[in-house]
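Take a minute to turn the structure around on your screen before reading on. This report walks through it piece by piece, with a few questions to keep you looking.

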Amino acid sequence: MTMPSVLDFWFEFASTYSYPAAMRIAPLAREAGVTVRFRPFLLGPVFQAQGWSTSPFNLYVAKGGNMWRDLERLCADLKLSFRRPEPFPQNSLLAARVALIGLGTTSGEQSSSEPSWGEQFSRAVFLAEFCEGLQIGDPAVLSDILARLNVEPEPVLDAARTDTNKARLRAQTEEAQRLGIFGAPSFMTADGELFWGNDRLERALAWAKNGC
């Protein structure tokens with residue numbers, strides 16, 4: 001029996017290019033015959049380890065200005081609505097914790113036979129942030145997203161705030177650092193190949209499928 005083709009999708013809700021990647025990845029993966037595992041993590045500790053106090057797009061003004069224009073063009077090409085979030089980066093901590101509850105794991109072992117509400121939630125958070133201009137750190141915004149997914153908000157938010165779940169997100173972020181992930185979105189294949197950036201999504205899927 002051949003092993004299923006698997007690709008880990010490492011993303012940060014505050015990450016600009018994670019937005020188009022999250023919106024594109026499911027249909028492209030289905031077409032390629034690749035199982036995608038959603039892996040939310042936090043870029044803050046990753047950036048701190050590199051000596052950055054905020055997003056490099058804030059630290060380097062020219063780079064940031066080009067990124068915003070590039071993202072506008074990219075979203076227009078993909079027919080995705082886009083609104084620059086204020087402030088940037090958004091506080092993504094609670095959203096990531098909620099996503100872990102929906103995905104049901106910290107180690108990427110969730111089954112893909114039936115997509116979890118965690119994947120739907122993740123896409124909805126990106127739309128709330130980059131399309132609707134909402135504050136994804138606001139529990140009310142996340143509660144509304146959950147309710148629209150027919151998920152009872154209060155028990156999920158309570159579970160997301162437990163010490164156990166907080167530790168799960170820390171462990172997931174630490175795993176990303178151990179794997180050498182330095183930005184988002186990142187894609188890792190079963191044989192350890194790392195691809196960084198929305199524009200590497202198709203290449204990552206091809207490697208996950210064919211091993212090269």
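Which residue in S4 is the bridge partner of Met188? It's Leu194. Keep that pair in mind, and remember that what you're looking at is a predicted model.

**The whole chain**

Let's zoom out for a moment. The protein chain has ten helices and four strands. Read from the N terminus, the elements go β-α-β-α-α-α-α-α-α-α-α-β-β-α. Along the principal axes, the C-alpha atoms fill a box of roughly 50 × 45 × 35 Å.

How does the radius of gyration fit with a compact globule? A compact globule of 212 residues would have a radius near 17 Å, and the protein chain has 16 Å, so the two agree. Of the 212 residues, 47% are buried. Now look at the contacts between residues with a separation of 6 or more: 72% of these are between residues 24 or more positions apart. As for the outside, the chain exposes about 10,400 Å², and carbon and sulfur atoms supply 51% of that area.

**How the strands line up**

Start with strand S1, residues 6-11, and strand S2, residues 35-40: they run parallel and are joined by six bridges. Within this pair, Trp10 stands opposite Arg39 in S2. To get from S1 to S2, the chain passes through helix H1 (residues 18-32), and this β-α-β crossover is right-handed.

S1 is also joined to S3, this time antiparallel, by four bridges. Here Leu7 has Thr189 in S3 as its bridge partner. S3 in turn is joined to S4, where Met188 and Leu194 came in. This table puts the three pairings together:

| Strands | Direction | Bridges |
|---|---|---|
| S1 (residues 6-11) and S2 (residues 35-40) | parallel | six |
| S1 and S3 | antiparallel | four |
| S3 and S4 (residues 194-196) | antiparallel | three |

S3 and S4 form a hairpin, with four residues between the two strands. In the turn you'll find Gly192, which has a positive phi of about 90 degrees.

S3 itself, residues 186-189, deserves a closer look. In a regular strand, side chains alternate between the two faces of the sheet. What covers S3: one face or both? Both faces are covered, with Ser186 and Met188 buried on one side and Phe187 and Thr189 buried on the other.

Over in strand S2 sits Thr35. With a relative accessible area of 21%, Thr35 counts as partly exposed, because buried means under 20%. Thr35 and Ser5 are 30 residues apart in sequence, yet their C-alpha atoms are 6.0 Å apart in space.

**A serine in a loop**

Next, find Ser15, in the loop between S1 and H1. Is Ser15 buried or exposed? Its relative accessible area is 7%, so Ser15 is buried. Setting aside neighbours within four places in sequence, Ser15 is in contact with Leu43, Phe126, Phe130, Ala184 and Pro185. One of these partners, Ala184, has its backbone oxygen 3.0 Å from a polar atom of the Ser15 side chain.

**Two cis peptide bonds**

Ala184 has something else to show you: a cis peptide bond joins Ala184 and Pro185, with omega at about 0 degrees. Pro185 is in the loop between helix H9 (163-178) and S3. Another cis peptide bond joins Phe88 and Pro89, again with omega about 0 degrees. You'll find Pro89 in the loop between helix H4 (61-78) and helix H5 (93-103).

**Positive phi without glycine**

Which loop holds Lys79? Lys79 is in the loop between H4 and H5. Although Lys79 isn't a glycine, its phi is positive, at about 60 degrees. Its relative accessibility is 76%, so Lys79 counts as exposed.

Asn150 is in the loop between helix H7 (139-148) and helix H8 (153-160). Phi of Asn150 is near 60 degrees, a positive value in a residue other than glycine. With 74% relative accessibility, Asn150 counts as exposed.

Definitions and conventions:
Residues numbered from 1 in each chain as written. Predicted model: local features only at pLDDT ≥ 70, side-chain atom pairs only at ≥ 80, totals over all residues. Heavy atoms only, no water. Pairing = 2+ DSSP bridges. Right-handed = clockwise from strand over helix to strand, strands pointing away. Rg over C-alpha atoms; globule rule 2.2 N^0.38 Å. Buried < 20%, exposed > 50% of the residue type's maximum accessible area, 1.4 Å probe, protein only. Contact = heavy atoms within 4.5 Å. Areas by Shrake-Rupley, 256 points an atom, 1.4 Å probe, with all protein chains shown as cover. Polar contact = N/O pair within 3.5 Å; in protein donor to acceptor, adjacent residues only side chain to side chain.
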